[in-house]
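Here is a short report on one protein chain. It runs from overall confidence and fold to the core and the charged pairs.

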Amino acid sequence: MIRAITASVALLALGVTAIQLAPQAAGQSGPGWITLVDGKSMDGWTPTGEANWRVEDGAIVADKGKGGHLVSKDSYKNFMIYSEFWADEAANSGIFIRCKDPKQIGARTCYEVNIFDTRPDPTYGTGSIVYFAEVNPMPKAAGKWNTMEITADGRHLVVAVNGQKTVDTRSGFFEEGHLTLQYGAGVIKFRKVAIKPL
């Protein structure tokens, strides 16, 4: 009887430990989540600019061209985004959110959640929202797979890179719009992007 109780307690402890070690974004494939990038196709995205977006090795990749965006088919207001990306040292990329006019995408017309390790002004580098929320210290993303989580709930904007919060701010400039994946320079790969409307 004592052995059975001891075994049960040990199994319970293992279960609790496994739950605690599970990634915070483990629910990004659960109820309410919509997969926008699965690494198999570019369905649901409209390219702009001259970037050479393509599907390659289980990811959407761009590494040449004068820049551009992949623009989501739908518009979103309040949401959570989970993404997995890989960037090289020269990458200038990001996820733009609440872009009202898909023909005028920029850091002054959308919120630009930046992926740019070598930005001359690092306060708006990787993990920041350009012109709206600085990052300090800036996480380095180059040369590895990373996660980026973005929450836009009304005026409350939160960004986390690899589970570490980089932005927690309030802004009411942009309320609703499309999201985009940016290519500016270097190499950028997105192997997963999922959104959960709030």
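A contact here means heavy atoms within 4.5 Å. By that criterion, residues 24 or more positions apart supply 62% of the chain's contacts with a separation of 6 or more.

The model is predicted. Its protein chain averages a pLDDT of 89, and 86% of the residues score at least 70. Residues 3–27 are the weak stretch: pLDDT stays under 50 there. For this stretch the model has four contacts beyond four places in sequence.

**Fold and surface**

The protein chain holds one helix and 13 strands. Along the sequence, the helix comes before the strands. Of the 198 residues, 45% count as buried. The accessible surface comes to about 10400 Å². Carbon and sulfur atoms account for 54% of that surface.

**Core**

The largest nonpolar core has 37 residues. Trp53, Ile81, Ile97, Met148, Leu181, Ile188 and Phe190 touch the most other members. Beyond four places in sequence, what does Met148 touch? Its partners include Ile81, Phe85, Ile95, Val113, Ile115, Val159 and Val161. Tyr82, Ser83, Asn114 and Ala160 are also among them.

**A loop methionine**

Met42 sits in the loop between β1 (34–37) and β2 (45–49). Is Met42 buried or exposed? Met42 counts as partly exposed because its relative accessibility is 23%. Leaving out residues up to four places away, Met42 touches Trp53, Arg54, Val55, Ile60 and Leu70. Met42 and Val55 are 13 residues apart in sequence, with their C-alpha atoms 7.2 Å apart.

**Salt bridges**

The whole structure contains five salt bridges. The table shows three of them, including their closest N to O distances.

| Acidic residue | Basic residue | Closest N to O distance |
|---|---|---|
| Glu56 | Arg54 | 3.0 Å |
| Glu84 | Arg191 | 2.8 Å |
| Asp168 | Lys165 | 3.1 Å |

Glu84 pairs with Arg191 at 2.8 Å. This pair links distant parts of the chain: Glu84 is in strand β6 (residues 79–87) and Arg191 in strand β13 (residues 188–197), 107 residues apart. Glu84 counts as buried because its relative accessibility is 15%, whereas Arg191, at 35%, is partly exposed.

Glu56 is partly exposed, with a relative accessible area of 33%. Its partner Arg54 is also partly exposed, at 23%. Asp168 is partly exposed at 44% relative accessibility, while Lys165 is exposed, with a relative accessible area of 55%. Elsewhere, salt bridges that share partners join Arg54, Glu56 and Asp63 into one network.

Key. Residues are numbered from 1 along each chain as its sequence is written. This is a predicted model: local features need pLDDT of at least 70, side-chain atom pairs count only at pLDDT 80 or more; totals for chains, interfaces and linings use all residues. Side-chain values use heavy atoms; hydrogens and water are left out. pLDDT is the predictor's confidence in each residue, from 0 to 100. Helices (H or I, at least four residues) and strands (E, at least two) are DSSP runs, numbered from the N terminus. Buried means under 20% relative accessible area, exposed over 50%, partly exposed in between (1.4 Å probe, protein chains only). Accessible areas come from the Shrake-Rupley method with a 1.4 Å probe; for residues, only the protein chains shown count as cover. A nonpolar core is a set of buried Ala, Val, Leu, Ile, Met, Phe, Trp, Tyr and Cys residues joined through side-chain atoms within 4.5 Å. A salt bridge is a side-chain nitrogen of Lys or Arg within 4 Å of a carboxyl oxygen of Asp or Glu.
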